[in-house]
Amino acid sequence: MGLETLGTTLELGEKFVSIFDTLKKKLWGDEEKASAKLAEVIDEMLKFYKATHSEISSFMGMDFSMTIHNQANRKALYDIIGGSLDISIRQAKGNCGLIKKIYEENLDKPFKKHLSQEEYWDLNRIFKSLSEYDYSMIDAATELEKELKIMSENLINTLDTHNAAQAESYQIDNRKKFMPTQKRLSELMGQLLSLKEEV
């Protein structure tokens with residue numbers, strides 16, 4: 001619960017990387033403008049992934065083993081309960097209208113020129129999904145926010161009983177839950193950045 005839609009948005013990014021890793025040698029050469037525009041698409045995708053990674057990292061980094069940190073931790077937890085995560089991710093998410101425009105005006109023709117029909121339609125489907133990415137990102141942010149709110153409320157309630165040791169125990173479990181997603185986010189961001197450097 002809470003990470004399914006985020007997983008879907010990660011899967012879309014992974015498909016994007018996989019297809020371009022396979023086809024990039026066929027696509028670029030004299031297509032400098034198309035290369036620059038693809039880099040813009042990658043930047044738009046990275047906005048959401050970076051914001052999500054940052055929010056999860058901040059949450060996972062909270063340490064309840066030393067009471068000296070608990071006042072700052074409480075403030076951060078109340079911020080999450082108040083909706084700070086949803087706001088920050090929505091502000092940072094990519095512009096799907098821009099991705100659609102870039103594809104239609106700058107990438108569609110080079111794809112048709114350089115790719116087989118099957119390869120072209122594979123990419124066309126990816127960009128169609130990216131053009132509707134707003135909804136997936138908002139859903140993913142909403143689900144992630146709900147999950148972190150539940151965890152934050154549990155931690156606040158535990159701290160209110162002056163049981164920092166139990167709060168730290170809960171936080172260890174929280175980190176274990178988010179670690180696979182966080183690793184996947186890190187790997188995907190690295191792959192997108194590498195792809196951007198190569199186009």
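This section describes the overall fold of a predicted protein model and then two of its residues, Gln-182 and Thr-161.

The protein chain is helical in its assigned elements. Eight helices were found, and zero strands. Read along the sequence, the order is α-α-α-α-α-α-α-α. The C-alpha trace spans about 65 × 25 × 25 Å along its principal axes. Contacts in the chain join distant parts of the sequence. Of those between residues at least 6 apart, 85% link residues at least 24 apart.

Confidence was examined for the chain and for its elements. The mean pLDDT of the protein chain is 85. A value of 70 or more is reached by 92% of the residues. Among the elements, helix H4, residues 84-92, has the lowest mean pLDDT, at 73. The highest mean, 93, belongs to helix H8, which covers residues 164-198.

Burial and surface were computed next. The protein chain has 199 residues, and 45% of them count as buried. The exposed area is about 10300 Å². Carbon and sulfur atoms supply 50% of that area. The chain carries 27 positive and 33 negative charges. The mean positions of the two sets are 3 Å apart.

Gln-182 lies in helix H8, the element with the highest mean pLDDT. The relative accessible area of Gln-182 is 6%. Gln-182 is therefore classed as buried, since this value falls under the 20% cut-off. Its side chain makes a polar contact. A polar atom of the Gln-182 side chain lies 3.0 Å from the backbone oxygen of His-53. His-53 is also among the residues that Gln-182 touches, once those up to four places away in sequence are set aside. The others are Ile-56, Ser-57 and Met-60.

Thr-161 sits outside the helices. Its place is the loop between helix H7, residues 133-160, and helix H8. The relative accessible area of Thr-161 is 53%. Thr-161 therefore counts as exposed, because the value is over 50%. The side chain of Thr-161 reaches the backbone oxygen of Thr-158 at 2.6 Å. Asn-73 is 88 residues away from Thr-161 along the chain. The C-alpha atoms of Thr-161 and Asn-73 are separated by 15 Å.

The two residues thus fall into opposite classes: Gln-182 is buried, whereas Thr-161 is exposed. Each side chain pairs with a backbone oxygen, that of His-53 for Gln-182 and that of Thr-158 for Thr-161.

Definitions and conventions:
Residues are numbered from 1 along each chain as its sequence is written. This is a predicted model: local features need pLDDT of at least 70, side-chain atom pairs count only at pLDDT 80 or more; totals for chains, interfaces and linings use all residues. Side-chain values use heavy atoms; hydrogens and water are left out. Helices (H or I, at least four residues) and strands (E, at least two) are DSSP runs, numbered from the N terminus. Buried means under 20% relative accessible area, exposed over 50%, partly exposed in between (1.4 Å probe, protein chains only). Contact means heavy atoms within 4.5 Å. Accessible areas come from the Shrake-Rupley method with a 1.4 Å probe; for residues, only the protein chains shown count as cover. Lys and Arg count as positive and Asp and Glu as negative; His and the chain ends are not counted. The place of a charge is taken as NZ of Lys, CZ of Arg, CG of Asp or CD of Glu. pLDDT is the predictor's confidence in each residue, from 0 to 100. A polar contact is a pair of N or O atoms within 3.5 Å; within protein, one must be able to donate a hydrogen and the other to accept it, and residues adjacent in sequence count only if both atoms are side-chain atoms.
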